[in-house]
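Thanks for coming. I have one structure to go through today, so please look at the screen.

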Amino acid sequence: MDRRDCTGRLPSRSAQTTAAYEGRYHQLYGQAVRERIGASDVAGVVEWFCDQHGRWAQSTIRQYRATLMQRVEWENLHADARDWLEGRLRKGPEPKRKGPRKTSARKRKSLPREEFKRIALVTSQSEHPDDRLLTGLLSFGVVLCLRPGEYHSARLSDSTLIVQNAKASNGRANGLERQIDISGLREVTISELRTFLELLRKAAQAAGSIKRLHNRLAARLARRCKRVGIRRVSLYTLRHVGLATAKNSMSPVEVAAAAGHASVRTAVTSYAKKRFGWKIKWVCRPLPVSIAAVGGINKTFRPRQSPTPVEYFPATEDAFLPDWVPSPGWDLPEPDIDDDPDRDGFAPRFF
């Protein structure tokens, strides 16, 4: 097959482009293997790719097609087989139609600590049951990086939090479940988490559905943001902040495992950047079994660059949220306030 372009010239690729295509092919291969049985060679990957109608934008399809074209050229294939695959790729999948932006694109992805404190102060001082739940979601949301819907199936086993991945059915999760080591948290905080999970499940049952409860809590959180004079924060914002903060302490593959992703790419490209994270000591980490289920290259995040220096929490009585944000009314003892703000990490500052 003649591979000349519309100008009559044979296209060339730089060494950098060739390497980028090769790396992208391995990502596509891994995704194809996870989603389709039998996609074990380049022909299987091409078939999988061409069947993904409405999944990607035209620009993404163009990049993936070029990647697979290069791989087909490299394979030791019969001329007829090569021509057939290239013809299949030229047709490719249908691009997705323009519609509403993805959920992650509509949500606020950053939340400065000062704004967080203002919201948490309002919810923690209220006796309303929904405000108690919001305090828990605020507190644990930026520590555990769970999706809002994942709390309802999460369970504790000693010092391990077992989370049922919300997107395991479509091949984008690192297994049906992920396991997070929370042994770095204080016992009182783990007890708070156990109580919070139980209260949240009961609230969802009383509301009639998880979605109905979340809509109610999201609307209440929006009103709290308006009351303290900040831009609206969604429940999903807390996950963004948690993952951005985790990027300051963990490798991409660890961040992906903590988020429940099958690939390191998702957290890197679709979630808040490292610069929006809080500089704190991170104490909740995924277990090796969850890390091993993540695909992709285990790189490191680039060093943090900030126009202004970022300090750790000061060791004073008003550091972050010690005593003026009490337990959300669950009748549990309050932890001691230490002189060392990083003694056992982040979560104790919420209760």
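I will talk about one sheet and then two helices. Keep in mind that this is a predicted model.

Let's take the sheet. Four strands make up an open sheet, in the order 1-2-3-4, and their pairing is antiparallel. Which strands sit at the edges? They are strand 1, residues 155–157, and strand 4, residues 285–286; each of these pairs on one side only. Strand 1 and strand 2, which covers residues 160–164, run antiparallel and are joined by three bridges. If you want one bridge to find on the screen, go to serine 157: its partner in strand 2 is threonine 160.

Now helix 2, residues 42–50. Is this helix largely enclosed or not? Seven of its nine residues are buried, so helix 2 is largely enclosed by the rest of the structure. The buried ones are Val42, Gly44, Val45, Val46, Trp48, Phe49 and Cys50. What covers them? The cover includes helix 1 (15–35), helix 3 (58–74) and helix 4 (79–91).

The last item is helix 7, residues 129–144. From the first C-alpha to the last, its 16 residues reach 22 Å, which is close to the 22 Å expected at 1.5 Å a residue. Of those 16 residues, 14 are buried, so helix 7, like helix 2, is largely enclosed by the rest of the structure. After helix 7 comes cysteine 145, and its phi is positive, near 65°.

That is what I have for today.

Notes. Residues are numbered from 1 along each chain as its sequence is written. This is a predicted model: local features need pLDDT of at least 70, side-chain atom pairs count only at pLDDT 80 or more; totals for chains, interfaces and linings use all residues. Side-chain values use heavy atoms; hydrogens and water are left out. Two strands pair if DSSP finds at least two bridges between them. Helices (H or I, at least four residues) and strands (E, at least two) are DSSP runs, numbered from the N terminus. Buried means under 20% relative accessible area, exposed over 50%, partly exposed in between (1.4 Å probe, protein chains only). Contact means heavy atoms within 4.5 Å. The expected span of a helix is 1.5 Å times one less than its number of residues.
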